[in-house]
Amino acid sequence: MELGERIRELRTEKGLYQRELAEKIHIAPNTLSQFESGKAKPSYEVLTAIADFFECSIDFLLGREDDFGNITVSDKSAEAITTEERQLLHDYRLLSVKEKAQIKEHVELFLERYKK
């Protein structure tokens with residue numbers, strides 16, 4: 001879903017007219033109309049205001065995050081990273097080079113054993 005479609009969907013879910021949302025985020029109604037139709041892109045400040053108003057992340061508005069908080073890290077064909085995977089990556093990055101090598105070795109052995 002494109003940014004404009006996402007904004008329109010969130011606005012209509014709240015039962016707001018374009019004019020009402022535009023007033024709340026301090027932009028002109030025709031500017032919001034252009035965002036929703038894909039004719040213009042919001043600035044970072046406006047994007048932040050929209051995310052704050054709808055209590056969602058900018059990643060969600062941009063279509064990089066789904067309703068469950070999974071973030072797509074590259075193009076549309078990429079898989080989403082779960083919260084658990086994100087935590088594992090965070091923890092892995094805290095390890096020393098030697099510890100990372102040990103983890104890699106364990107994973108390779110595990111895959112050899114159970115991939116068959």
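## Aromatic pairs

Two aromatic pairs are present in this structure, which is a predicted model. A pair of aromatic rings is described by the distance of the centres and the angle of the planes.

Phe53 and Phe54 make up an edge-to-face pair, with 5.0 Å from centre to centre and 85 degrees between the planes. Phe53 has a relative accessibility of 25% and therefore counts as partly exposed, since it falls between the limits of 20% and 50%. Phe54, at a relative accessible area of 10%, is buried, because this value is under 20%.

In the pair of Phe110 and Tyr114, the ring centres are 4.6 Å apart. The planes of Phe110 and Tyr114 meet at 45 degrees, so this pair is tilted, an angle that is neither under 30 degrees nor over 60. Both residues belong to helix H7 (residues 97-114), where they are four residues apart, about one turn of the helix. Phe110 and Tyr114 are both exposed.

## Charges over rings

Phe53, a member of the edge-to-face pair, also has a charged residue over its ring: Lys14 lies over the face of Phe53, 5.9 Å from the ring centre.

Arg6 has its charged end over the ring of Phe60, at 4.2 Å from the centre of that ring. Arg6 is part of helix H1. With a relative accessibility of 11%, Arg6 counts as buried, because the limit is 20%. Neighbours within four places in sequence aside, the contacts of Arg6 are Met1, Phe60, Leu61, Gly63 and Glu65. Phe60 thus appears both among the contacts of Arg6 and as the ring under its charged end.

## Packing of H1 and H3

Helix H1 covers residues 3-13 and helix H3 covers residues 29-37. The axes of H1 and H3 come within 6 Å of each other and cross at roughly 120 degrees. H1 and H3 are therefore oblique to each other, because this angle lies outside the range of 65 to 115 degrees for roughly perpendicular axes and is not over 145.

On the H1 side, the residues in contact are Gly4, Glu5, Ile7, Arg8 and Arg11. On the H3 side, they are Leu32, Phe35, Glu36 and Ser37. By type, the residues of this contact divide into three nonpolar, two polar and four charged.

Notes:
Residues are numbered from 1 along each chain as its sequence is written. This is a predicted model: local features need pLDDT of at least 70, side-chain atom pairs count only at pLDDT 80 or more; totals for chains, interfaces and linings use all residues. Side-chain values use heavy atoms; hydrogens and water are left out. Axes are lines fitted to C-alpha atoms, for helices over the stretch in contact, and angles run from 0 to 180 degrees between N-to-C directions. Helices (H or I, at least four residues) and strands (E, at least two) are DSSP runs, numbered from the N terminus. Angles under 35 degrees count as roughly parallel, over 145 as roughly antiparallel, 65 to 115 as roughly perpendicular and the rest as oblique. Contact means heavy atoms within 4.5 Å. Ala, Val, Leu, Ile, Met, Phe, Trp, Tyr, Cys and Pro count as nonpolar, Asp, Glu, Lys and Arg as charged, and the others, Gly among them, as polar. Rings of Phe, Tyr and Trp (its six-membered ring) pair if their centres lie within 6.5 Å; planes under 30 degrees apart count as stacked, over 60 as edge-to-face and the rest as tilted. Buried means under 20% relative accessible area, exposed over 50%, partly exposed in between (1.4 Å probe, protein chains only). A charge sits over a ring if NZ of Lys or CZ of Arg is within 6 Å of the ring centre and within 35 degrees of the ring normal.
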